[in-house]
Amino acid sequence: MINKILVVAAVVLSIVSLTLVAGPLSGTWEANLAIDPSPFAFTELSSTFVVNYTLGGFTGTSTSEFVLSGFIWQGFGVTGTLGAFDIQGDLLFGVSTADFIYDQVIVTTSIAGIEFGFYAAQLSKAVLGGPADGFVVRLAGSTQGLDIVSISEFGARIEDEDFHGITIYHAATGLHKHYTTNPLVHGQCFTGQKITVSGWSFGCVNDIAATMYMSQDGFEFIKFDLTEIESGLPWLAFDLELKFTLQTKSLVLTPTLNLGETTCIDLYTAIVTDPASPVSISGINVYGLGFSYSWNGVSIKSLSVFKTSCYAITTPEYGSLIESIAEALENGHEYYSNYWELFSIEVVGDGCCGGNYTFLANTYFQCDSTSLFGWGMTHIEASMPISSNLFLNGEIEIDTDGLNHFGFAVRVSW
Amino acid sequence: MANNGRATRGVIVVRMRLVVLGLLSVGLIVALTACMGQWFTHEQKATLIIGQVVLTGNRGEVLVSVTNMPQEGLASIAIDNLGITYINIKDASIEATGLNGFDVLAQDFTTTPGKGRLVAANPNAGSEAGTILKITFETNGANPSLTIELGDTGKVTLGSHLNTLIDPWDLVTNKAYYAKDAASTGGAK
């Protein structure tokens, strides 16, 4: 209980201190309201308040996030340069439970052509998976055309090609925060060493990279990545990954199809391989067709998905692209599972006060719809600046059951 | 004079770099020395997480999440033998929705009042960690709750993306936060 009181007091004191020392302050406040009309419910009521304070080359940031159920996150950050060192710090509190959640410090510099990075982080016991703490030392440099990266792990990992950093979730609301340094265990020392050498290039291979990873238990894996192996056919290339673990060896050969660039029509294709024999190419699958064109600030786009069991159109927030469902899930993208076709028109123009106004209308079609032309849903959103410091955004979605979403957002900056 | 000043500053910068490198080297050696004999890891078990009820007026929702799921992640979940228990919630109003690629294949919250069951699966990928289900409802009393009970028999079965049963695993209902080594979750909308 005392700890919780101390944490709340620290948060309040920090916010008040920042306000009292009001000098070169800047920031934004953004509020979102979303309503599901049937049955009537607030599906989102969130507010994000960011205050930046700059002092002596360092910028401190305070980020507060509220949703309908309460005050969820309070984060503090600092970035700046001290001599030759770039410094970044992050601190996260869970306000609804009055808990310290996470902190990280990242110090980077470049000495004699060698990039040096020190990453340290702590995860609270209030988080499932905690308590944990650790640090990582990263060294990177080039010699004779080769890029060499050494990552020494002492109870933590950092985000790179093989690892994802850390995402911390609030279990009740699903709200999450993402950071680079992932502390794995508590009180741990050496836990891993990874060395990557890349930049080898032969005439028929664009890039060869070798990565070896050792953990505190010994050898974990060594892998070789060969990118864009030429096949002799200008439209066909291969990527190859050869990986050895202590008891296994795997070889993944991924054929890639390069049909070149087109002006306005995109053909989405994939090479079909036999599941029983992945090196056997059995065909080419055309899973999507796209058309796009822009002139004078007006963009029109059409996307059609022919294999909806494996591919889908991502939501406007994720660019309205055709993406494989497996990749969308891996990349954390939202997609529409019910619609196979999109017609979109977007208009962008100069706003009154320095910003741009935008208008976007997306119409989606579904296979099993009995409505006109198989119409499934229309998503309309518009945003416009009211003044140089005030920005408004609104969106509605109408589907075959009627209006199913209404949202409104306001962003104020100073 | 000016050249002398520049030369002095240059010497100081070089010395500073040497001092910093020296300190870093000492720190690294001390850290490595401190590690002697302390090589161990805490394996975390696969975990099913039931979030707390979030209320908006007379409507509420509970999120079901997972973390540390092995075998390329969780691909199916079956909560049978009326393993879902709820209090002060209208039976007919309960609806489970799949998240992060999961589809709810079957659900029943009306046959036995206060009890429920469901089956959900992700046909495209496994979820090593993240939110998999959202259960929404209307309340009919104060302090509504909805949770999963394990009981003496296996009321909950978890299947992996590699078509194997995930076992052992933990049920967690008292943690407000969880962390994962993965990208943020997306899914069907």
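Which residue of β3(B) stands opposite B:Leu48? In this predicted model, the residue opposite B:Leu48 is B:Val66. This briefing follows strand β3 of chain B and its partners, then a sheet that includes strands of chains A and B, and finally a nonpolar patch on the surface of chain A.

**Strand β3 of chain B and its partners**

- Strand β3 of chain B covers residues 59-67, and 7 of its 9 residues are buried, so that the strand is mostly covered.
- Strand β1 of chain B, made up of residues 46-50, runs antiparallel to β3(B), and 4 bridges join the two.
- Within this pairing, B:Leu48 faces B:Val66 of β3(B).
- Strand β2 of chain B, residues 54-56, also pairs with β3(B) in the antiparallel sense, here over 3 bridges.
- B:Thr56 has B:Arg59 of β3(B) as its bridge partner.
- The hairpin of β2(B) and β3(B) has 2 residues between the strands, and B:Gly57 in this hairpin takes a positive phi near 65°.
- Strand β8 of chain B, residues 130-138, is joined to β3(B) over 8 bridges, again in the antiparallel sense.
- Here B:Glu61 is placed opposite B:Thr136, a residue of β8(B).

**A sheet with strands of both chains**

- An open sheet is formed by 4 strands in the order β8(A)-β12(B)-β12(A)-β13(A), and its pairing is mixed.
- Its edge strands belong to chain A: they are β8 (127-128) and β13 (176-179), each of which pairs on one side only.
- β8(A) runs parallel to strand β12 of chain B, residues 177-180, and 2 bridges join them.
- A:Leu128 stands opposite B:Tyr178, which lies in β12(B).

**A nonpolar patch on chain A**

- The surface carries a nonpolar patch with about 1100 Å² of accessible area together.
- The residues that form the patch include A:Leu233, A:Trp235, A:Ile265, A:Leu267, A:Phe291, A:Trp295 and A:Phe306.
- Two strands of chain A, β20 (265-274) and β21 (277-295), each supply at least two residues of the patch.
- β21(A) gives the most to the patch, with 6 residues.
- A:Leu259 is another member of the patch, and its place is in the loop between β19 (249-257) and β20 of chain A.

Methods:
Residues are numbered from 1 along each chain as its sequence is written. Chains are lettered from A and ligands numbered from 1 in the order in which they are written. This is a predicted model: local features need pLDDT of at least 70, side-chain atom pairs count only at pLDDT 80 or more; totals for chains, interfaces and linings use all residues. Side-chain values use heavy atoms; hydrogens and water are left out. Patches are made of residues with over 30% relative accessible area and no salt bridge: like charges are joined within 9 Å, nonpolar side chains (Val, Leu, Ile, Met, Phe, Trp, Tyr) within 5 Å. Accessible areas come from the Shrake-Rupley method with a 1.4 Å probe; for residues, only the protein chains shown count as cover. A salt bridge is a side-chain nitrogen of Lys or Arg within 4 Å of a carboxyl oxygen of Asp or Glu. Two strands pair if DSSP finds at least two bridges between them. Buried means under 20% relative accessible area, exposed over 50%, partly exposed in between (1.4 Å probe, protein chains only).
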